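Visitor: I should like to go through this model and ask, for each term applied to it, what justifies the term. May we have the structure in view first?

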Amino acid sequence: MIRPAPRMLALTLALFAASALLIAGTNIEGAALALPWAALALIAIADAATSPGARDVTLDGPTDVFAGEAARFTARLSASGDLPPAIDAQLEPDEGLGPAQAFSLTGRGAEAMGAVDIPARRRGVYPLRRLWLRWPSRLGLWEIVPRLPLERQLAVVPNIRPVSSGKIDVAVRSELYGIKENSAIGEGSEYHQMRDFQQGMDTRSIDWKRSARRRELVVKEMRAERNHQIILALDNGYLMREEIDGLPKIDHAVHAALATAWAAGIGGDLAGLYSFDAVPGRYIPPRPGRAAFPALRAHTADLRYQSVASNHTLALMNLGQRLERRSLIVMFSDFADTTTAELLVENLAVLGRHHVLIFATFRDPELEARVSRPAADLDMMAETVAAAAMHRERRLLLDRLGRMGILCIETAPGQLTSRVVAAYLKIKAEERV
């Protein structure tokens, strides 16, 4: 595909103006007047025929990328002739990956190469539709604009970077087997092992019967109980589709939930998952954390974005009926109005009678900005007052949940994973489950 370049348009307009002046001021013959036009046509045809055309293009890059990150693709173009030094390019992905991304190719001979980053903002599998290119012809009379279809797909999957990098392993193992483990071993309720008594040990841990049989002092070491059930409850309603820091809230929650599931596996506990929106979604029963992790990751990767309001009453009632033993429930959710908030409090109170709850939600940066900004006029003052009222109601609700014994985490998305994992470890050390 070619189209006239600005140089061609300029020459055509100049020749048209010259022809009009000649026709108006002289009696020049039509054959003589046609000669410049014929010459321009021949030059344009020759320019188009001798200019290089696209033969083939390849797009090298990953097949999947973590949500919130960017996938880098390298485009390689081969042409029928020598290419110019710089070629404009535009990669057109699916709408779910955002707008087309412009970049440039560097030409050398009949080949050119360039790289482009595609940001991944939403989970799913998206096709990379086509690649647009543009370069000038040899004389600059035409713009060669090939549109090359691509047979590539990009899968955007939940971000498990903290898990794959070993960050969660280091944090959990430091907590369980570092300095704090010494305290947890001595104060736990599950038998761990027998050890010879050493100077400085608590004399209350001496097992006198075994010491009498062995005729030397031995102590019984206890540790925090394992095989607790950890249920990760994901609210997938429309409020969780709101984007914060470039990602929907549900994706931030998914990343934190997967990190917590991995931490549970290291800690010797069982991890399960429950998702809901207007109706209860899929329930994955608790299994050993590492064994359950692939299934949890696969389910969260297929979790669709919903546009319906969440029914907390139905969801939490259904979850309570599924659980046969006391569990730690980590619920990722959000609320916007007082009615939803009241229903959420009532149902969490019922669930909290038999289980340990962590309620994780997000700070609203836009709401906090409206509260703190100065009011320049009456309209801004009204917005500030309304925002302050909403912020106060939100704080009151979280305080109510805290007084009910529910651990509330309200934080920025970047700190959610560390806060939830730390809360899990604290509850495990205190043996509250």
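Guide: Please note that this is a predicted model. A suitable place to begin is His355, which lies in the loop between helix 10 and strand 19.

Visitor: Why is His355 called buried?

Guide: The limit for that term is a relative accessible area under 20%. His355 has a relative accessible area of 9%, so it is buried.

Visitor: What does the side chain of His355 reach, and what makes that a polar contact?

Guide: The side chain of His355 reaches the backbone nitrogen of Ser327 at 3.1 Å. The cut-off for a polar contact is 3.5 Å, and 3.1 Å falls within 3.5 Å. Leaving aside neighbours within four places in sequence, His355 is also in contact with residues including Leu323, Arg325, Arg326 and Ile329.

Visitor: Thr339 is in helix 10. Why is Thr339 called exposed?

Guide: Exposed requires a relative accessible area over 50%. The value for Thr339 is 53%, and therefore Thr339 is exposed. The C-alpha atoms of Thr339 and Arg76 are separated by 56 Å, the two residues being 263 residues apart along the chain.

Visitor: What makes helix 9 and helix 10 roughly parallel?

Guide: The axes of helix 9 (residues 312-322) and helix 10 come within 9 Å and cross at roughly 10°. Angles under 35 degrees count as roughly parallel, and the two helices are therefore given that description. Where they meet, His312, Thr313, Leu316, Leu319 and Gly320 in helix 9 face Thr340, Leu343, Leu344, Asn347, Leu348 and Leu351 in helix 10.

Visitor: How do you know that helix 7 is largely enclosed by the rest of the structure?

Guide: Of the 18 residues of helix 7, 18 are buried, so the helix is largely enclosed.

Visitor: How does the span of helix 7 agree with its number of residues?

Guide: At 1.5 Å a residue, residues 249-266 should span 26 Å, and the end C-alpha atoms of helix 7 are 26 Å apart. Just after helix 7, Gly268 takes a positive phi of about 80°.

Visitor: Why are helix 7 and helix 8 called roughly antiparallel?

Guide: Their axes come within 8 Å and cross at roughly 165°. Angles over 145 degrees count as roughly antiparallel, and so the term applies to helix 7 and helix 8. Helix 7 contributes Val254, Leu258, Ala261, Trp262, Gly265 and Ile266 to the contact, while among the residues of helix 8 are Phe293, Leu296 and Arg297. The crossing is right-handed.

Visitor: What makes helix 11 oblique to helix 12?

Guide: The axes of helix 11 and helix 12 come within 8 Å and cross at roughly 125°. That angle lies between the ranges for roughly perpendicular, 65 to 115 degrees, and roughly antiparallel, over 145, so helix 11 is oblique to helix 12. Leu367, Glu368, Arg370 and Val371 of helix 11 make this contact with residues of helix 12 including Thr384, Ala387 and His391.

Visitor: How do you know that the span of helix 12 agrees with expectation?

Guide: The 26 residues of helix 12, 378-403, should span 38 Å at 1.5 Å a residue; the end C-alpha atoms are 37 Å apart, which agrees.

Visitor: What caps the N-terminal end of helix 12, and which residues in this helix are buried?

Guide: Asp377 is the cap, with a side-chain oxygen 3.3 Å from the backbone nitrogen of Asp379. Thr384, Ala387, Arg394, Leu397, Leu398 and Leu401 are buried in helix 12. The buried residues of helix 12 pack against helix 10, strand 19, helix 11 and strand 20.

Notes
Residues are numbered from 1 along each chain as its sequence is written. This is a predicted model: local features need pLDDT of at least 70, side-chain atom pairs count only at pLDDT 80 or more; totals for chains, interfaces and linings use all residues. Side-chain values use heavy atoms; hydrogens and water are left out. Helices (H or I, at least four residues) and strands (E, at least two) are DSSP runs, numbered from the N terminus. The expected span of a helix is 1.5 Å times one less than its number of residues. Buried means under 20% relative accessible area, exposed over 50%, partly exposed in between (1.4 Å probe, protein chains only). Contact means heavy atoms within 4.5 Å. A polar contact is a pair of N or O atoms within 3.5 Å; within protein, one must be able to donate a hydrogen and the other to accept it, and residues adjacent in sequence count only if both atoms are side-chain atoms. Axes are lines fitted to C-alpha atoms, for helices over the stretch in contact, and angles run from 0 to 180 degrees between N-to-C directions. A crossing is left-handed if the near helix is turned anticlockwise from the far one by less than a right angle, and right-handed if clockwise.
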